[in-house]
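Ready to find your way around a protein you haven't met before? Grab the viewer and work through a few short exercises.

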Amino acid sequence: MALIHLREVDLQFGGPLLLEGATLAIDRGERIALVGRNGEGKTTLLRILDGQLPPDQGEVSRGQGVTTALVEQQVPGDLSGSIYDLVAAGLAEAGRLLAEFHHVSRQLADRDEPALRAQLDRLNHQLDAAGAWSVQQHVDTVLSRMQLDADAAVSTLSAGLKRRALLARALVRRPDVLLLDEPTNHLDIATIEWLEEFLLKQVETLLFVTHDRRFLKRLATRVLDLDRGRLTSWACNYDAYVARKEAILAAEAAQQAEFDRRLAQEEKWIRTGILARRTRNEGRARRLIDMRRQRLDRRQRAGSARMQLQDAERSGRLVAELKDVSFTYGDRPIIRHLSTFVMRGDRIGIIGPNGAGKTTLLRVILGQLPPAAGAVRHGTRLQVAYFDQLHAQLDLQKSVVENLAGGSDSVLIEGKKKHLYGYLQDFLFTPDRANSPVWQLSGGERNRLLLARLFAKPSNVLVMDEPTNDLDAETLDLLEEVLLEYSGTVLLVSHDREFLNNVVTSTLVFEGQGEVHDYAGGYDDWLVQRSKTLPDDPPKPDKSKPEKWRKKPAERRLTYKEKIELETLPPRIEALETKQRRLHAEMADPAFYQQDRQSIVARTAELETVDRQLAEAYARWEELEGIGG
């Protein structure tokens with residue numbers, strides 16, 4: 001029996017139906033990717049499945065006791081407290097009591113006060129009465145497996161760690177179906193790969209929306225397509241879905257063209273028939289009225305975006321030379337002794353974890369930040385266009401049109417004036433949407449507006465900082481084509497591995513402690529070269545060597561030492577979990593806090609050490625299992 005079943009579900013918000021006769025069954029063990037253009041209603045469907053939103057018509061049924069948990073696309077701006085507080089909140093009242101007990105325990109470890117001991121004793125009785133102690137171990141296990149510091153303040157976390165904590169809050173509820181909306185947004189490549197492994201091994205049933213094509217291909221066992229309100233299921237991989245979908249759209253276009261031809265013939269007949277005679281074939285007239293109604297009811301697929309970069313005067317052969325460049329923030333090295341060339345026509349990808357300094361490197365290359373040491377030399381006739389991942393170039397209170405051209409009603413494209421509304425339609429903005437304030441736009445729409453601004457400006461150096469977030473797959477494919485045809489130089493920061501592979505000719509990679517190394521090719525090529533290179537001897541790009549001649553890596557296998565390590569990890573994890581349970585049991589006893597302060601601090605430190613060792617053991621076990629599998 002299906003865990004969740006949708007039958008003939010309709011939903012509408014003023015305009016066309018977002019869902020029309022949607023039918024879906026989710027079975028245990030499936031990993032389903034939900035795909036569709038921006039604005040089609042994918043997030044709305046997730047909210048219906050989560051029970052947050054009732055349909056206008058139709059039925060949503062669940063198996064007995066089936067639960068869901070939805071991790072939304074946007075990270076809430078009002079998150080507070082510790083990670084433990086946030087994660088335990090997924091358990092409602094029991095979670096609230098556990099979070100409060102955890103908080104008071106930490107306070108008591110810092111200062112031994114009678115009031116705190118009394119508060120902890122009261123909470124202990126409440127937890128006993130609520131039967132909440134049985135779930136504490138589950139919270140601790142989820143935190144360990146998600147590699148999260150329970151005591152870290154949520155407000156200080158990066159966007160990627162906040163998303164991980166929100167995922168932990170969803171998982172602690174033990175949902176039968178996990179729903180994820182754009183889970184890779186704001187995550188760096190290492191975290192995305194960790195998330196892939198975690199979901200494959202730890203989550204049984206999953207429905208997710210993502211723009212990350214590699215993530216989708218690795219996880220999905222089935223594809224759901226949402227197009228003009230119609231939900232269709234494709235029991236195949238993503239590449240097969242794309243090919244079949246294109247064939248269906250081509251057939252649909254041919255059928256519509258034939259229908260329109262027959263309609264035009266009937267319209268011509270009715271006009272000439274009225275002129276030729278006073279009576280006419282009433283059946284044929286009724287058929288024409290019916291054809292007109294069908295044509296009126298047809299939901300046209302929104303047109304594809306049309307993007308074109310404007311080339312400026314050709315730059316000099318040298319774009320930038322970095323010679324022994326270093327840059328620091330305070331005592332923290334961001335870039336250390338980097339020497340490299342950026343030449344005209346290069347398409348360079350910049351890869352690294354969140355916070356490594358990728359945007360800083362862009363600004364150093366462009367001369368916006370002076371290096372702490374070394375020198376940056378620029379070439380001649382540079383005209384730079386910059387795409388900002390934080391959308392800082394946009395005024396949220398102004399409309400789309402105002403953000404694009406200020407007070408002008410046109411833009412200059414290839415030396416010719418083009419009306420703003422016509423230009424914005426190339427980026428899928430209707431006239432109504434073009435007059436909307438930017439704060440009303442979705443993330444994908446804001447990115448399209450930034451692209452419209454960027455492409456309206458002639459350039460020979462294009463700098464793009466995370467341009468792929470929130471863009472649908474079709475727009476990503478088009479953006480790739482535009483960049484490949486661009487005759488200028490491209491500097492690109494992205495965590496989209498497929499996008500990097502398809503676009504860039506070389507990469508600059510942050511590899512720890514301010515070390516930035518230069519590699520030929522895209523993301524997969526970096527992985528190949530990294531595995532063959534010693535840390536103190538980074539390779540230099542060989543741009544003369546065609547990509548098709550580069551050898552693919554041999555499949556990674558466990559060494560004998562790693563096999564022995566893998567065999568010893570499960571008993572080690574079990575021993576650490578046993579020790580962790582024992583320490584938790586000791587600290588749950590109110591008498592524990594009647595000891596002297598030194599003993600309390602020592603036990604607390606011991607628990608923190610066990611938590612850290614357990615997290616490291618799980619991480620190593622998952623790493624070795626991934627290689628061995």
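Below are four exercises on this predicted model, each with a worked solution.

**Exercise 1. Find out how confident the predictor is, and where the pLDDT is below 50**.

Start with the whole protein: the mean pLDDT is 80, and 82% of the residues reach 70 or more. Next, look at residues 275-279, where the pLDDT is below 50; beyond near neighbours in sequence, that stretch has one contact in the model. Residues 534-554 are also below 50, but here the model shows 22 contacts beyond near neighbours in sequence.

**Exercise 2. Work out whether strand β12 is enclosed or open, and what it pairs with**.

Check residues 347-351 one by one: five of the five are buried, so β12 is largely enclosed by the rest of the structure. Now see which way they point. Arg347, Gly349 and Ile351 go one way, while Ile348 and Ile350 go the other. That fits a general pattern: side chains in a regular strand alternate between the two faces of the sheet.

Then look for partners. Strand β18 (residues 489-493) runs parallel to β12 and is joined to it by four bridges, with Ile348 opposite Leu491. Strand β19 (residues 506-510) is parallel to β12 too, again with four bridges, and there Ile351 has Val509 as its bridge partner.

**Exercise 3. Track down the largest nonpolar core and see what surrounds Met146**.

The core has 47 residues, and Met146, Leu178, Leu199 and Phe208 touch the most other members. Helix α6 (residues 159-171) is the top contributor, giving six residues. Zoom in on Met146: leaving aside neighbours within four places in sequence, its contacts are Arg164, Leu167, Ala168, Leu171, Trp194 and Phe198. Apart from this core lies another one of 45 residues, including Leu394 and Tyr486.

**Exercise 4. Compare three of the salt bridges: which residues are buried and which are partly exposed?**

A search of the whole structure finds 25 salt bridges. Take Glu59 and Arg7, whose side chains meet at 3.7 Å, N to O. Glu59 sits in strand β4 and Arg7 in strand β1, so the pair ties together parts 52 residues apart in sequence. Glu59 is partly exposed at 40% relative accessible area, and Arg7 is partly exposed at 32%.

Move on to Arg218 and Glu197, with their closest N and O atoms 2.4 Å apart. This pair links helix α8 to helix α7, and Arg218 is partly exposed at 38%.

Finish with Arg228 and Asp227, at 3.0 Å. Arg228 is buried, at 12%, and so is Asp227, at 8%.

Note on methods
Residues are numbered from 1 along each chain as its sequence is written. Side-chain values use heavy atoms; hydrogens and water are left out. pLDDT is the predictor's confidence in each residue, from 0 to 100. Contact means heavy atoms within 4.5 Å. Buried means under 20% relative accessible area, exposed over 50%, partly exposed in between (1.4 Å probe, protein chains only). Helices (H or I, at least four residues) and strands (E, at least two) are DSSP runs, numbered from the N terminus. Two strands pair if DSSP finds at least two bridges between them. A nonpolar core is a set of buried Ala, Val, Leu, Ile, Met, Phe, Trp, Tyr and Cys residues joined through side-chain atoms within 4.5 Å. A salt bridge is a side-chain nitrogen of Lys or Arg within 4 Å of a carboxyl oxygen of Asp or Glu.
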